[in-house]
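Colleague: I would like a close look at a single part of this model, taken slowly and with the surrounding context.

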Amino acid sequence: MPRIRFYGHACFRLEQGDVQVLIDPFFTGNPHIKEIPADLRPTNILVTHGHGDHLGDAIELAKANGATILATPELAGYCGRQGAAVDGAHMGGTVRFPWGSVKLVPAFHSSSVGPNLDIYAGNPVGMVVRFHGLTFYHAGDTCLFGDMRLIGEGNDLDVAYLPIGGHYTMDTEDALKAIELLRPRAIIPGHYNTWPVLEVDISAFKARVEAATRAKCVVLKPGEAYEAG
Ligand code: NI
Ligand code: MN
C-alpha cells in the first residue's frame with residue numbers, strides 16, 4: 001500500500017514512485033510545520049475549499065512544479081486566474097488519473113478566499129481518493145452529517161481523515177459518530193491543536209475510538225507517514 005504522509009492540520013501527501021498527490025497544502029503559517037519539505041514535488045494538488053488553512057500554498061506549489069489543482073469550479077477558476085493549471089469538478093463527479101481517481105463528495109462548511117473571506121469559492125467538498133489500491137477519504141472541513149453513511153457504504157475505506165477540533169468543524173464526540181457511519185479500517189485525526197480554540201486531548205480521543213469502534217486511530221506527528229494494510 002502507498003504511504004500517507006501527514007503535515008499537520010488537514011495537509012496530506014499520498015506518495016508512490018514519482019507521484020505525489022498533495023491535499024490541502026497548508027505549509028506557510030501552519031504552526032505544525034515550520035517549512036515546506038525539501039522533497040515536496042507534487043504532481044497533483046487537491047483542495048477541499050478556499051480557506052487559507054486548506055488552499056494554503058497550492059497556487060505557488062502548482063506553478064513551481066507544473067502540478068494541476070483539482071477543486072470545485074469556482075475555486076479552480078480563482079487559482080487559474082493566478083496562473084495555476086486547474087481542473088474544476090463538482091460533487092458526485094469522479095476524476096480519473098493514471099494512479100487512480102478522486103470523487104468529490106459533500107462537506108457541510110463554507111468556502112471563500114481573500115483577506116476578508118469575501119470572495120465566493122463555491123461549495124466545500126470532501127474527497128474519496130483511490131491511489132494505487134488505497135482508498136482514502138479526506139473529509140475536508142465539515143460537521144457530522146448523516147450521508148457519511150453513504151460514503152461508507154459506497155467505498156471500502158482503508159483510511160479516513162477526520163477533523164476533530166470542533167469550533168470550525170466536527171468535534172471529538174461527533175467524530176466518533178462519523179466513524180460509525182464511515183466504517184473505515186483506520187482514521188487519522190487532524191484539525192486539532194493548531195490554534196488554542198482547537199485544543200484536544202488526543203490520547204483520550206484515540207482510546208475512545210479504539211474502545212467504541214473497529215477503527216484503528218492513527219495519530220501522526222507532522223511529517224510522519226502511515227502505510228495502510
Ligand atoms: Ni474551512
Ligand atoms: Mn479549516
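What spacing do the donors of the nickel ion (ligand 1) follow along the chain?

Modeller: In this predicted model, the donors of the nickel ion (ligand 1) follow the spacing H-x1-H-x57-H-x31-D along the chain. The residues concerned are H49, through NE2, H51, through ND1, H109, through NE2, and D141, through OD, which coordinate the nickel ion at 2.2 Å. The angles that these four donor atoms subtend run from 89 to 177 degrees, and the arrangement is therefore irregular, given that a tetrahedral one would need all angles to lie between 85 and 135 degrees. H51 lies in the loop between β4 (44-46) and α1 (52-55), whereas H109 lies in the loop between β8 (100-106) and β9 (112-113), so the pair ties together parts that are 58 residues apart in sequence. With a relative accessibility of 11%, H51 counts as buried, while H109, at 27%, counts as partly exposed. The nickel ion (ligand 1) also has a neighbour, the manganese ion (ligand 2), at 3.4 Å, and D141 coordinates both.

Strand β4, which precedes the loop that holds H51, belongs to an open sheet of seven strands with mixed pairing, in the order β6-β5-β4-β3-β2-β1-β16. The edge strands of this sheet, each pairing on one side only, are β6 (85-88) and β16 (225-227), and the twist from one strand to the next averages 20 degrees. Strand β3 (residues 19-23) runs parallel to β4 and is joined to β4 by three bridges; in β4, N44 is the bridge partner of V21.

Methods. Residues are numbered from 1 along each chain as its sequence is written. Chains are lettered from A and ligands numbered from 1 in the order in which they are written. This is a predicted model: local features need pLDDT of at least 70, side-chain atom pairs count only at pLDDT 80 or more; totals for chains, interfaces and linings use all residues. Side-chain values use heavy atoms; hydrogens and water are left out. Donors are N, O and S atoms within 2.8 Å of the metal (3.2 Å for Na, K and Ca); water is not among the atoms, so sites may look incomplete. Four donors count as tetrahedral if all angles lie between 85 and 135 degrees; four count as square planar and six as octahedral if opposite donors are over 155 degrees apart and all others between 65 and 115; anything else is irregular. Helices (H or I, at least four residues) and strands (E, at least two) are DSSP runs, numbered from the N terminus. Buried means under 20% relative accessible area, exposed over 50%, partly exposed in between (1.4 Å probe, protein chains only). Two strands pair if DSSP finds at least two bridges between them. Axes are lines fitted to C-alpha atoms, for helices over the stretch in contact, and angles run from 0 to 180 degrees between N-to-C directions.
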